Amino acid sequence: PRCPGVRTKLPVLGWLPRYSGAWLQLDLVAGLTVGLTVVPQALAYAEVAGLPLEYGLYSSFMGCFVYCFLGTAKDVTLGPTAIMSLLVSSYAFHEPVYAVLLAFLSGCIQLAMGLLHLGFLLDFISCPVIKGFTSAASVTIGFSQVKNILGLQGIPRQFFLQLYEMLRRIGETRAGDAVLGLACLAALAGLRAMKSRLPQAAPAAPLAARISHLIVWTSATARNALVVLFAGLVAYSFQAMGSQPLTLTGSIPQGLPAFRLPRFSMAAPNGTIPFQSMVEDMGVGLAVVPLMGLLETIAIAKAFASQNDYRIDPNQELLAIGFANILGSFVSSYPITGSFGRTAVNAQSGVCTPAGGLVTGALVLLSLAYLTSLFYYIPKAALAAVIISAVLPMFDAGIFRTLWRVKRLDLVPLCVTFLLCFWEVQYGIVAGVLVSGILLLYSIARPPVKVSEGDALLVQPGSSLHFPAVEHLRDTVCSRALAASPPRSIILDCCHISSIDYTVVVGLAELQRDLRRHGRSLVFCGLQDPVLQVLLAAELEGFQHFPSREEAERCGGAELGGSGAAPLTSETSLLPA
């Protein structure tokens, strides 16, 4: 079945009246499949965020429920992700109180952006910056889990200190953790490869073949849960025999989190940290976390909407993710966003509506209520393998080669973001955006200007003119016009110019005066209506405009003003002399 996009402010009303039994069956299967993926990932991502593991589960159900009612993309699932966990690690200082407050404040910012229709701000984060950040994040997150694969304790979290300390203490590796971690990595890689090469089961195939296909597909799709379960059984077997060569997750509090407001202050050994100080401590994180959360969610929603031929409303997505973070903070969630991996599982499982998220959320709640005692036996090396397997595809080595072929200048923001993210995530993102902005401003300030010589000197700017570009245009025209021999008139072909501002009008008036002093004349042609109206309103002295280049060239050959087509003119000027 195909689910249409929703256009109401409460998108659930768009599909709920037409909900069918066939949709229910597919949503149940998809919800269970995603649930088997999210539980082990939630435990692992809490480790990345530097929080107690139960906070990963606390962050995994509210987004599913909220998105069911407010989301516009049937495939998207909200919850903890590797990138958001890395950001929380940087800005919450491994304190649950900071992490929950960060979720609340991020949700408020995202909700305000949705209400004010400010989603266009995300367009200023260019693709090279995003690729640089995600690639650096994949290396940082993956490398941070190597210590758990090796069974090392007390390793610092800063990337370069981490690298130094692990190399220094490589001799302390615990053999049990290393063997199990590598085995889990190999199993996850094998199951991933098996799924990518699994052919579609033909409807006319024998029952045994279809059952076999279902078993293999389910095992490969739920590979995280399968590997963690296997590792837990191995750890439990060692515990029962009286020896334990593995580092275990340990006790996780059982039960559902309390529904309450996030705390706006925190007790400290030397007093209480007030709300204002907590906000100051988070600093630029209050901008980076909401923006990256929105960017991930909208990018994922757009990608899957285009694949499945339905439309999303970006501002409605902002509202959904904002409400999810605000309400999530009431159940001790840290900031969440759309998960590409789990969204892909959802789509491949045949989900029909966002109702599949209800099943996923319910499975997480059941795990919190009844299964946390079993999580004690999950080896940390197995969770580390789950994380490494999840973030490995985020590293896009091909982007460097692609940008080298397409536009080498885009390698600058990519490399700046990639390298600085190893120092501090916020520095990498901010520096990448600044470099992209500088390159954008430079292209606006120095638009391409084509100059052709004939009976008249034809000058054709390649894009719209804005105030940083007017001096460049004046210098180009004056240098070519004054060097031309014999002296010729100048035709400014404005066919590519769709808008100008007042500074440009002043610059054009000065250009006319400069040329007139040297015995040259300037005429305009091909003006689009908005630009023509601006120039007529400014009443440039001696302003002449021809509808087409050919008419302007005929008049240029006749010294502009003799025979030929009659131009539009303006004899007086309201501009400063």
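A pocket, as the term is used here, is an open set of grid points with protein on both sides within 12 Å along at least five of seven lines. The tour below applies this term to a predicted model.

**Second largest pocket**

Begin with the second largest pocket, whose volume is about 540 Å³. Select Ala225, Val228, Leu229, Phe375 and Ile378, which lie nearest its centre among the 22 lining residues. Then colour helices α2 (21-49), α11 (207-221), α12 (223-240) and α17 (356-371), each of which supplies at least two residues of this lining. The greatest contribution to the lining of the second largest pocket is that of α12, with 7 residues. By class, this lining comprises 17 nonpolar and 5 polar residues, with no charged ones.

**Largest pocket**

Move next to the largest pocket, which has a volume of about 1,400 Å³. Of its 49 lining residues, select Ile300, Ser339, Phe340, Gly341 and Met394, the ones nearest its centre. Helix α14 (residues 285-308) provides the largest share of the lining of the largest pocket, 9 residues. Here the lining includes charged residues: there are 9 of them, beside 25 nonpolar and 15 polar.

**Aromatic pairs**

The structure holds 18 aromatic pairs. For one of them, select Tyr19 and Trp23, an edge-to-face pair with 5.9 Å from centre to centre and 75 degrees between the planes. Tyr19 is partly exposed, at 25% relative accessible area, whereas Trp23 is buried, at 6%.

Proceed to Phe400 and Phe418. Their ring centres are 6.0 Å apart and their planes stand at 85 degrees, so this pair is edge-to-face. Because Phe400 belongs to helix α19 (residues 398-406) and Phe418 to helix α20 (residues 411-420), the pair ties together parts that are 18 residues apart in sequence. Phe400 is partly exposed, with a relative accessible area of 25%; Phe418 has 14% relative accessibility and counts as buried.

Extend the selection to Phe143, Phe159, Phe160, Phe395 and Phe422, which ring pairs link with Phe400 and Phe418 into a cluster.

Now select Trp404 and Arg408. Arg408 lies over the face of Trp404, at 4.0 Å from the ring centre.

**Last stop: Thr476**

Finish in helix α22 (residues 470-483), where Thr476 is found. Is Thr476 buried or exposed? Its relative accessibility is 18%, and buried means under 20%, so Thr476 counts as buried. Add Val449 and Val451 to the selection: Thr476 touches both, leaving aside residues up to four places away in sequence.

Note on methods. Residues are numbered from 1 along each chain as its sequence is written. This is a predicted model: local features need pLDDT of at least 70, side-chain atom pairs count only at pLDDT 80 or more; totals for chains, interfaces and linings use all residues. Side-chain values use heavy atoms; hydrogens and water are left out. Helices (H or I, at least four residues) and strands (E, at least two) are DSSP runs, numbered from the N terminus. Buried means under 20% relative accessible area, exposed over 50%, partly exposed in between (1.4 Å probe, protein chains only). Contact means heavy atoms within 4.5 Å. On a 1 Å grid over the protein atoms alone, a cavity is a set of points where a 1.4 Å probe fits but cannot get out, and a pocket is an open set with protein on both sides within 12 Å along at least five of seven lines; lining residues have an atom within 4 Å of a point. Grid points are joined across faces, edges and corners, and a volume is the space filled by probe spheres set on the points. Ala, Val, Leu, Ile, Met, Phe, Trp, Tyr, Cys and Pro count as nonpolar, Asp, Glu, Lys and Arg as charged, and the others, Gly among them, as polar. Rings of Phe, Tyr and Trp (its six-membered ring) pair if their centres lie within 6.5 Å; planes under 30 degrees apart count as stacked, over 60 as edge-to-face and the rest as tilted. A charge sits over a ring if NZ of Lys or CZ of Arg is within 6 Å of the ring centre and within 35 degrees of the ring normal.
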